[in-house]
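Colleague: Could you take me through one part of this model in some detail? I'd like to hear how that part sits among its neighbours, and then what else catches your eye.

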Amino acid sequence: MSYDVVTLGEVLIDFTENGISAQENKLFEANPGGAPCNVLAMLTKLGKKTAFIGKVGDDQFGHLLKETIERVGITSKGLVLDTKCLTTLAFVHTFADGDRDFSFYRVRGADVMLAKDEIDYTLIDESKVFHFGTLSMTDEPARSATIAALKYAKKQKKLISFDPNLREPLWENLTKAKEMIELGLTYCDILKISDNEIRFLTELQDFDEGVAFIQAEYGIPLIFLTMGKEGSRAYYKDLVMEVPGYQVETIETTGAGDTFTGCAINGVLNYGLENLDLDKLEEILDFANAAAALVTTKKGAILSMPTKEEVKALQDTIR
């Protein structure tokens, strides 16, 4: 296989607050981002070969994104530059605790204009894992493109990883959001889901009950549940492992879940989906928690992913 992981979805510019100008205007820093590429950026830091499928505008931001993902080692062969639409932008509003809210500039944005006939299916052929989220399923034609890629990956017997990555303002209605998340669940072998997403999906307050519902309904072999600063859990067959999070000086949380996801996929690639046990699950979770904590100490995501050495240094602080 040429690639360990291929993703399909959005790549965009996250504008994050970065001080005040001499005229007392807010300054914003243009940070390359987008959940699928964030995941790949973490995986490349861990030595995995990755490729991205998506669309940007043939504009200054689109070229910046293409140059950035190539610089970090992500293959851009599947990235389409379109002269008829503009690169999607997001403005990140950061709260005092490091949490954030997004304002998206995305109506006919390039990422949602990816058509299924623009997908380079050879990238999926040459990969071990296909990863996706639901932001490429909010609008057409990207929704149909995502579903086509999913069906193709399933037919080719690829390992499929899914992160719902719910962003409520981007959906016309939440009924459609739930429908697309449920569709994603029918395809995936690995699910990364956050605490708020599992409550949204199952309407159950207890996480164990929520995961049990998903397991019974969809038969997903491996489920990772992230709980912010509280840490994470893994559910595998009849095994459950929980590992606490790391407390750091958080600047903003953009990319933390994607960093976790990249580390989780890396662990599965290293050990195999069929060969996991409690010790391996604990190792995967602890590393992913530490990496996710570290990315919150910097702005942005793609260019802020920690090295293996940085993650292990943080792990060593509590051992």
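Modeller: I'll start with strand 12 and its partners, then move on to the cores and the aromatic rings.

Keep in mind that this is a predicted model. Strand 12 covers residues 232-236, and five of its five residues are buried. In a regular strand, side chains alternate between the two faces of the sheet. Here both faces are covered: Ser-232, Ala-234 and Tyr-236 are buried on one side, and Arg-233 and Tyr-235 are buried on the other.

Now for the partners. Strand 11 (residues 222-226) runs antiparallel to strand 12, and five bridges join the two. Within that pairing, Ile-223 stands opposite Tyr-235. The hairpin they form has five residues between the strands, and Gly-228 takes a positive phi near 65° there. Strand 13 (residues 239-243) also pairs with strand 12 in the antiparallel sense, again over five bridges. This time the bridge partner of Tyr-235 is Val-240, so to speak of Tyr-235 is to speak of a residue with a bridge partner in strand 11 and another in strand 13. The hairpin of strand 12 and strand 13 has two residues between the strands, with Lys-237 at a positive phi near 55°.

Leu-222, in strand 11, takes us from these strands to the core. Setting aside its neighbours within four places in sequence, Leu-222 touches Tyr-235 and Tyr-236, and its other contacts include Ile-190, Leu-191, Val-268, Leu-273, Leu-276 and Leu-281. Leu-222 is also listed with Phe-52 and Phe-224 as having the most contacts inside the largest nonpolar core, a set of 51 residues. Helix 9 (residues 278-295) gives that core its largest share, eleven residues. A second core stands separate, with 41 residues, among them Phe-130, Ala-145, Ala-149 and Ile-214.

Phe-52 falls in the range of strand 4 (residues 50-57), which pairs with strand 5 (residues 74-82) in the parallel sense over seven bridges. One of the matches there puts Ala-51 with Thr-75 as its bridge partner. Helix 2 (residues 60-72) joins strand 4 and strand 5 in a right-handed β-α-β unit.

On to the rings, where the count comes to eight aromatic pairs. Phe-15 and Phe-91 are stacked because their ring centres are 4.8 Å apart and their planes are at 15°. They bring together distant parts of the chain: Phe-15 is in strand 2 (residues 12-20) and Phe-91 in strand 6 (residues 89-94), 76 residues apart. Phe-15 counts as buried at 11% relative accessibility, while Phe-91 is partly exposed at 22%. Ring pairs also link both of them with Phe-28, Phe-61 and Tyr-105 into a cluster.

Another stacked pair is Phe-132 and Phe-162, with centres 4.5 Å apart and planes at 15°. Phe-132 lies in strand 8 (residues 127-133) and Phe-162 in strand 9 (residues 159-163), so the pair ties together parts 30 residues apart in sequence. Phe-132 is buried, with a relative accessible area of 0%, and Phe-162 is buried with a value of 0%.

One more ring to look at is Phe-200: Lys-178 lies over its face, at 5.5 Å from the ring centre.

Notes:
Residues are numbered from 1 along each chain as its sequence is written. This is a predicted model: local features need pLDDT of at least 70, side-chain atom pairs count only at pLDDT 80 or more; totals for chains, interfaces and linings use all residues. Side-chain values use heavy atoms; hydrogens and water are left out. A nonpolar core is a set of buried Ala, Val, Leu, Ile, Met, Phe, Trp, Tyr and Cys residues joined through side-chain atoms within 4.5 Å. Buried means under 20% relative accessible area, exposed over 50%, partly exposed in between (1.4 Å probe, protein chains only). Helices (H or I, at least four residues) and strands (E, at least two) are DSSP runs, numbered from the N terminus. Contact means heavy atoms within 4.5 Å. Rings of Phe, Tyr and Trp (its six-membered ring) pair if their centres lie within 6.5 Å; planes under 30 degrees apart count as stacked, over 60 as edge-to-face and the rest as tilted. A charge sits over a ring if NZ of Lys or CZ of Arg is within 6 Å of the ring centre and within 35 degrees of the ring normal. Two strands pair if DSSP finds at least two bridges between them. A crossover is right-handed if, with the strands pointing away from the viewer, the path from the first strand over the helix to the second runs clockwise.
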